[in-house]
Amino acid sequence: MNLKQFCEVAMRRILTVSGFTTSIVILLIITFLFAEAAGLFRNKVVEEGYTLAVNRENPVENLSAEQIKLIFDEEITNWKQIGGIDCPIATFRLEQLTELYTEEELGENYERAGDCIAEQVEGQRGMIAFVPTDLVKDQEGIRLLEERNIKAGDVLLGDEWFPTATPSPLFGILPLVSGTLWVTFFAILIALPFGLAVAIYLSEVADERIRQVLKPVIELLNGIPSVVLGFFGLAVVVPFLQQTFDLPVGETGLAGSLILALMALPTIITVGEDAMRSCPVTMREASLALGASRWQTIYKVVVPYSISGITSGVVLGIGRAVGETMAVLMVTGNAAVMPHSILEPLRTIPATIAAELGEAPAGGAHYQSLFLLGVILFFITFFINLCVEYISSRNKR
Amino acid sequence: MSKLDVKNVNFYYGDFHALKNIDMQVEEKNVVAFIGPSGCGKSTFLRLLNRMNDLIPGARLTGEIRIDGENIYDRSVRIDNLRKNVGMVFQRPNPFPKSIFENVAYGLRVNGIKDKDFIESRVEETLRGAALWDEVKDKLKKSAFALSGGQQQRLCIARAMAVSPSILLMDEPASALDPISTGKVEELICDLSNKTTIIIVTHNMQQAARVSSKTAFFYMGELIEFNDTKRLFTNPEKQTTQNYITGRFG
Amino acid sequence: MQRFSPRAPQPATTMNTPQYPSAYASKKKRTEQIVFFLFRLLSGAVALSLLGILGFIIVKGFSVLSWDFLTLPPTDGMTSGGILPAIVGTLCLMAGSACFAFPIGIMSGIYMNEYARKGKLVRFIRMMTNNLAGIPSIVFGLFGMALFVNYLSFGDSILAGSLTLGLLALPIVIRTTEEALKDIPDAYREGSLALGATKAQTIWHVILPMAMPRVITGLILSLGRVSGETAPILFTCAAYFLPKLPESLFDQCMALPYHLYVVSTSGTDLEAQQPIAYGTALVLIIIVLLINLLANSLRKYFSNKIKTK
């Protein structure tokens, strides 16, 4: 085999491998995101290393994360509310130990802490203690509650996101999902009229000189880093909204929507304009030749002809808005609650990941829940891309 | 008064002098053919008659074009009304991405007719006029793209006729069609000449001879000869015309 | 020279000529004027809001910009000093991601246009590339953290950050390369092959040089994207405050967009950090402007060159 042939074969091999890079990357992304996210459901509802101990006579077998939270928030105060005996609930946390016992009684290295806890729990029928598993696992006279795993239903349908709560963190993603949807919806609502107007203006109305100026301006808007737009939002839009609507805080969903609208605009405009420009000249001329005005031609012929391209642009714009992180993180106020109005602070999925991943210990339930959010985000955008693919493939036919 | 009266028309694309001193009178209910080699200005001239060149940047016109005595480049003329009166059929069939019915109804709707019954009867009438009714009457709601090329072109003619123009411009209407479809379109042109004045641009001299009663020969932006079709093809006055029809160039 | 005789008169359909409403033409005209006016207005609003944003940052940031600002590290808890480490960090990340994404992206583009059999496979790869382009940058951040930082244990480092940003730039590079190659007529390929050149030689000597202008434009634009991204480097590279310059690939570094995020949202004294934030935003804007300008002028330069050939 001579050198020329060898080069030929080698080049083909290398190129083939690099051709599949993107597919491999997607595969890797799915694998890694899933591997971490799936770990969430192997976690117990109670924080790792801790357990819940109750009196032997207490018939309650196990508790859901929601119930545990309500008990320790003292919103459930009697066992009978959750199907147990009629007995008021007393909660016990490790910190209380030093209030009840002296250092001598606990021992130098807390070696007798377990006994002390057991004594407390044994002494009171309605007590529930949140303590490290190591301290109490060999104690008699108390019973450790059976530990449930975190359930998918509680995560996907839960409406409370409180990943740092003790004893049992809550990973309900609904507030984040609805936050994302709200912000995106309003962003598109704002961007749509502007985007379509500019796209139609550029493609059908503007003369060549204005086009030459406006096109690069739109491209420039596309190039501005999201963090700069976020900064602008923080410096200008947020105070403006606060004043205009007389709000306690200006960091609201609306601020996020406004900035996102700016970011979705270039996509909607460029894709929509391209689609409309691809409408054949003869089609326009046929309409004009029948006595239609230019505007009639646009909305009766050009827009219907290029509707799939325009839709693609809008869907891509939605995708951009759903996944945008930094700008939203900076201006939406990041309150992880179910949104009631666009004028309140709310929090989106990407912003949650960005804000919390730095603090979540690697491998913990919190960390894994953020990867789960990543998976959800991945699937939302994957779905959006498939839609675009479908729309544009239909267009070709 | 002539239907169409063109006086001393010059037309420029920027620096390019596309049409030179054109004069022409066309009588009503006549089929006039424009022939000439490509780039001779025949299509440009045709498109001046419904002001289709208005949108071209840098285009300029001098002289007068009168239809029914009215200068169509006068400021007072509403361009939509002009185009309603001067229909056009294009080189390639270009139906809208709509149903067959909506394609024909389009011209009526954009000119403000809302009466449904009238639109329906008018669509049927024009489709019959275009000898297309029997082929499409069961699929009026189907997309116009589902038709064959020849059917599409006849649909486009029906679409133009629906608005009832008094002049119909045709820009090489059969050049993209097969011989059978071409035959049907030519037949249609002859039928329509009872109702309207038709001006047709064609590459094909046989076609011009078959359908038209008068023929204009354009060359290099000039109207070389305008005469009865029979006369022009058998006994042309100008040498250039003679050369062209005998196939010495073009 | 036979003419069709007009057919026998049609069955008598009543000839109903349309009666057009007389005022409709002017109504149409008015609607059109109103609508077009609205379009102009909205387009103007979009252009103005963009110019407003740029103007605001330029005006506010201009007074901050100085030689010291560009060449000193931040001091006094980021309330004074400059942004040198952030500039250097961003340049390092741009260079690093370019080293990774450019060769692979170009090769991948070549494979798709020149080698892969057209059909399902190419469609699949293209779909995957489009999907990769649509994945939010924060997901890249998560992935980079899981793979580069933890699994491959690069730690928070320029290497991990560059690779993550490289993945982000990859689809842009692939697409522009593929499109640039697609526009080159097959005649050139056939011409070269007919002279006995191999496919590899043809691509190297004929096709690539012709496609290069557009490929380079795409590369520059992808660099622009990389320079402004924050989310992918949040957990793979970016340092909150690190006054010294990076020394190796495994060092953390500061980066302009992350620095802007930090000084505008957290820190010891938001008020005092405000000027720094404006300055940083301006530097980022200048980078974006330069990159756009460069790409545009390259595009113009090369298209003129091809025309005059």
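Here are four short exercises, with worked solutions, on a predicted model.

**Exercise 1. Find the domains of chain A and say how far apart their centres lie.**

Start with the domain assignment: it gives domain 1 as 50–149 and domain 2 as 174–396 of chain A. Next, take the C-alpha centre of each one. The centres of domain 1 and domain 2 of chain A turn out to be 51 Å apart.

**Exercise 2. Work out the strand order of the four-stranded sheet in chain A, then see what packs on the sheet.**

Step one is the order: this open sheet of chain A runs 2-3-1-4, and its pairing is mixed. Step two, look for strands that pair on one side only; these edge strands are strand 2 (90–93) and strand 4 (142–144) of chain A. On average, neighbouring strands of the sheet are turned by 25° against each other, ignoring direction.

Now zoom in on one pair. Strand 1 (residues 50–55) and strand 3 (residues 127–132) of chain A are antiparallel partners, joined over five bridges. To get the register, find A:Thr51 and look across: A:Val131 in strand 3 of chain A stands opposite.

Last, the packing. Helix 6 (residues 113–123) of chain A sits on the sheet and touches strand 1, strand 2, strand 3 and strand 4 of chain A. The direction of this helix makes about 165° with that of strand 3 of chain A.

**Exercise 3. Describe how helix 5 and helix 6 of chain C cross, and list the residues that meet.**

Two packed helices are described by the angle and the distance between their axes, so grab those values. The axes of helix 5 and helix 6 of chain C come within 9 Å, crossing at roughly 135°. Oblique is therefore the right word for helix 5 of chain C relative to helix 6 of chain C. As for hand, the crossing is right-handed.

Then pick out the residues:

- From helix 5 of chain C: C:Ser137, C:Phe140, C:Gly141, C:Gly144, C:Phe148 and C:Val149.
- From helix 6 of chain C: C:Ala160, C:Leu163, C:Thr164, C:Leu167 and C:Leu168.

Sort the residues of this contact by class and you get seven nonpolar, four polar and no charged.

**Exercise 4. Characterise the side of chain C that touches chain A.**

Count first: 69 residues of chain C contact 67 residues of chain A. Then ask which elements give two or more residues to that side of chain C; among them are helix 1 (24–62), helix 3 (84–115), helix 8 (199–228) and helix 10 (270–308) of chain C. Helix 1 of chain C gives the most, with 18 residues. Finish with the classes: this side of chain C has 47 nonpolar, 17 polar and five charged residues.

Definitions and conventions
Residues are numbered from 1 along each chain as its sequence is written. Chains are lettered from A and ligands numbered from 1 in the order in which they are written. This is a predicted model: local features need pLDDT of at least 70, side-chain atom pairs count only at pLDDT 80 or more; totals for chains, interfaces and linings use all residues. Domain bounds come from an automatic or database domain assignment. Two residues are in contact if their C-beta atoms, placed from the backbone, lie within 7 Å. Ala, Val, Leu, Ile, Met, Phe, Trp, Tyr, Cys and Pro count as nonpolar, Asp, Glu, Lys and Arg as charged, and the others, Gly among them, as polar. Axes are lines fitted to C-alpha atoms, for helices over the stretch in contact, and angles run from 0 to 180 degrees between N-to-C directions. Angles under 35 degrees count as roughly parallel, over 145 as roughly antiparallel, 65 to 115 as roughly perpendicular and the rest as oblique. A crossing is left-handed if the near helix is turned anticlockwise from the far one by less than a right angle, and right-handed if clockwise. Two strands pair if DSSP finds at least two bridges between them.
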